[in-house]
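Please open the model in your viewer and keep the selection panel at hand. The tour below proceeds from stop to stop, naming what to select and what is found there.

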Amino acid sequence: MNLEHLNPNQKLAVIETEGPVMILAGAGSGKTRTLVSRIQYLLDEKKVSPFRILAVTFSNKAAREMRERIAADNDIDFGAIQVTTFHSFCARVLRNEAQYLGLSRNFTIYDTSESKSIVKTILGRRGISVKEVHPSEVLYYIDGLKNLGYYIGCTDEEANDDIDKDDLFFQFYQEYEAELHKSNAVDFGSLITGVLNLFEKFPEVIERYQKRFHYVLVDEYQDTNRAQFRLVRLLSEEKKNICVVGDEDQSIYSWRGADIRNILEFEKIFPDAKLIKLEQNYRSSKNIIEAASSVIARNSQRKGKKLWTSNDQGDSIKVVECPDDKQEAEYITKEITKLITKNVSPKEIAIFYRNNAQSRLIEDALRRSNVAYKVVAGIKFYERKEVKDLLAYIRCVVNDKDSLAISRIINTPTRGIGARSLRKIEDEAIKMNLSLWEIINKIVDEPEEYRFLKLSAKIRSGLNSFATMIHESKLLAASTETPSVVYEKLLNESGYLEALEVEKTYEAQGRIENLEELYTAIKQYEEYEDQPSMVGFLETITLDANKGDEQIEEVSMMTIHGSKGLEYHYVFVVGLEETVFPSFQSMEDGDDGIEEERRLFYVAMTRAMKKLHLCFAQARMLWGQVRFNSPSRFIDEIPEEFYEWEGVKKSQSIKKNTIKDGIDYSEEFSQDSDHSDFVETTYVQSTARIEYKFPKGTSLMHKLYGEGLVLDAEGFGEDEKVVIKFKDGARKKFLVKFAPLEKC
DNA sequence: TCGACGATCGTTTTT
DNA sequence: CGATCGTCGA
């Protein structure tokens, strides 16, 4: 096998296959290439069977990329190699060994919102209002326990030491686990702890897995939590061939339980571990690498790497000062348009922001200028109400113990079974120690036995048709029918589609389209998967909700967290202001919080290959108010020789919008900026009355929706928007510029 | 039981 | 500002 394309350290990282190895791979240091070569080396030179290799990563993106690269570089059959995420790997193990933990293999995986519902139920049952105890607080606590690797009956000392079992929250945790178990369900955290439980309590199980996997490889090691650490340590205990790859400077998930100790103490736990550093960067210009290195050097929690590159010096970084958030969006749009006219492919351009909400304004600006873009992992398709509803139907069919799913859709569309009746039925289920599904069937089968519940005839017939439909779908699913066939049946016979069609509103139409898209997604899954199943489909979407097409010529927009592992020629980072980035919350966390934000900034910078733009706004609309924040401290941390400053001047047309309620903010503008010389302080109080094309109260005609009344008007010129109430009661907001409107 | 409306929240990042 | 929650009235 030819290793000539690798540098000396990369080569070392490939051929040191035996014993514990930790590879510290800096940003852009050819990590994936090295890992793929290492696997290839194991197969070709060491004659290891693909069946014996396990490679786990943190994110689906990383797993997918590695799989693709391995497949591209080799002609051997790689089907047997397990390259997956921790969560997918654990889901697979749990399904295979479900009976050990009293689960059945068709268990449901609950996402965060479903976990939250369970917490709400538990709190509600105890009569605690969400105002006294926030469900998310409880969830955070529960997640914390699981990140530590705690499970019911866990005897691990470290995990137990950190837990106060007299805490009220610990009781919530226990009830929560009981509820999950009753529903034959697991959440993200217990995918990991479930497998830990399995491995630690059943020696015959862990032995099987230890015997199978001779080589264990962990990517994105800096993102692993304690539970995951224990998991890989157990797996590799027999052969001791564990190789972890990570970069402590890119550790940005501590809030999710990522534990820096996993890196810092690796050599303590594996005393004979070899340490290999990959420090040559192949991705970015010297300017970018040196600037990023000086920023990250300020962190104290590091092992210490010196990233360097032999690439060209490249363009200066550009720091851009904008008067406000709208003009920041305009600036970016203008620059991107320029790039595209210079024949730069939109695929090579990316916009990063600290939090998802920031994408909105930029999207508006890009759309206005007809720049094609995609928001990566933005408002998630699978989180839309109608999609979740249909998925709940599928979950009922797959796992009838999933009471959460049943209660979600038992009255959607309305079957006359309101909250009160549902409560009655649920209480009866608890009393009889039956699942919701079982009690529903009993009521349907022996209605006279349950007369005391005083359910109306309407409700009983509703229950009846619901139960029949789920029963039939179960039968259909059990026969050889494909998931999409079952989905179609559910869609039509539940009355869900019909209810939307009857609505005849714009929103309903959108929902129908989303349900059609869900159908397409199932079809695609069936094509892609060898043995498609409903369970498999559900798992794919809860563990990997990302869908995206790499081929399309579009500018990418994403959070910085989402950008990890990616690279673009041109990168725009927006919102570099105190309280936005670093975030307000992290600033309250003290040094640790700021160090993590700094790592995040480092990740953002090192995505850029050719040119990096760092933008900030003097004024920004936050929480419904115009705020004035100073430029991010991270800008100051870049040595001056690596960047040049650009001030964007206020444009007349947009200026008016930043004057709220007739108040002129110009004074604060100049006070707050260290570089106010770029800003013309020409703000004048606007005395002219705003002329709307369609003022409040106008009755008008919309080409598609018919007659309506203007409830509200806002915006100026190009930006004028109206809120219209239509005759059928529907309310809709339009941009006057585009909407087919006529006065009448 | 359900829709409409008002009030009141609270907002980081993701498997 | 926008989304969610809760209360009200029909």
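Which strands does helix α11 lie across, and at about what angle does it run to β6? Select residues 226-235, which form this helix, and then the strands around it. Helix α11 lies across β2, β6 (215-218) and β7 (242-246), and it runs at about 160 degrees to β6. Please bear in mind throughout that the model is a predicted one.

**The whole chain**

Return to the full view of chain A. This chain has 744 residues, of which 53% count as buried. Its secondary structure comprises 31 helices and 21 strands. Among contacts between residues at least 6 apart in sequence, 75% join residues at least 24 apart.

**The open sheet**

Now select the sheet that contains β2, β6 and β7. It is an open sheet of six strands in the order β3-β2-β6-β7-β1-β8, and the pairing is parallel. The edges are taken by β3 (82-85) and β8 (274-278); each has a single partner strand, so one side of each is left without a neighbour in the sheet. From one strand to the next, the twist averages 15 degrees.

In general, the strands of a sheet pair through backbone hydrogen bonds, in either a parallel or an antiparallel manner. For an example of the parallel kind, select residues 53-57, which make up β2: this strand pairs with β3 over four bridges. Within this pair, V56 stands opposite T84 of β3.

**Helix α14**

Next, select residues 286-296, the helix α14. Its buried residues are N287, I288, I289, A291, A292, V295 and I296. An α-helix has 3.6 residues a turn, so residues three or four places apart point the same way. To see what lies against the buried residues of α14, add β9 (317-324), α28 (590-606) and β14 (608-622) to the selection; these are the elements they pack against.

**The hairpin of β14 and β15**

Keep β14 on display and add β15, residues 625-628. The two strands run antiparallel and are joined by four bridges. One of the bridge pairs is formed by A619 and F628, the latter in β15. Two residues lie between the strands of this hairpin, and W623 takes a positive phi near 50 degrees.

Which side chains of β15 are buried, and which are not? V626 and F628 point to one face and are buried, whereas Q625 and R627 point to the other face and are not.

**DNA strand B**

Select DNA strand B together with the protein residues around it. There are 24 such residues, and the closest are R354, N356, S421, Q585 and W623. By class, this surface has five nonpolar, 14 polar and five charged residues. Of the strand's atoms within 4 Å of the protein, 48% belong to sugar or phosphate, and the rest belong to bases.

Three individual residues deserve a closer view. R256 has a polar side-chain atom 3.4 Å from a base oxygen of DNA strand B. For H561, a polar side-chain atom lies 3.3 Å from a base oxygen of the strand. In the case of Q585, an N or O atom of the side chain is 2.8 Å from a sugar or linking oxygen.

**R354**

Centre the view on R354, one of the closest residues to DNA strand B. R354 is found in the loop between β10 (349-353) and α16 (359-368). Is R354 buried or exposed? Its relative accessible area is 17%, and R354 is therefore buried, since the cut-off is under 20%. The side chain of R354 makes a polar contact with the side chain of E597, at 2.7 Å. Among the other residues that R354 touches are I560, H561, V580 and F581.

**Y110 and L12**

For the last stop, select Y110 in strand β4 (residues 108-110). At 0% relative accessibility, Y110 counts as buried. Its side chain makes a polar contact with the side chain of D402, at 2.5 Å. The residues that Y110 touches include I118, L180, F188, R395 and L404.

As a contrast in burial, select L12 in helix α1 (residues 8-15). L12 is partly exposed, with a relative accessible area of 35%. Add E507 and display the distance between the C-alpha atoms: L12 and E507 are 58 Å apart in space and 495 residues apart in sequence.

Key: Residues numbered from 1 in each chain as written. Chains lettered and ligands numbered in written order. Predicted model: local features only at pLDDT ≥ 70, side-chain atom pairs only at ≥ 80, totals over all residues. Heavy atoms only, no water. Near = heavy atom within 4 Å. Polar contact = N/O pair within 3.5 Å; in protein donor to acceptor, adjacent residues only side chain to side chain. Nonpolar A, V, L, I, M, F, W, Y, C, P; charged D, E, K, R; others polar. Pairing = 2+ DSSP bridges. Axes fitted to C-alpha atoms, helices over the stretch in contact; angles between N-to-C directions. Contact = heavy atoms within 4.5 Å. Buried < 20%, exposed > 50% of the residue type's maximum accessible area, 1.4 Å probe, protein only.
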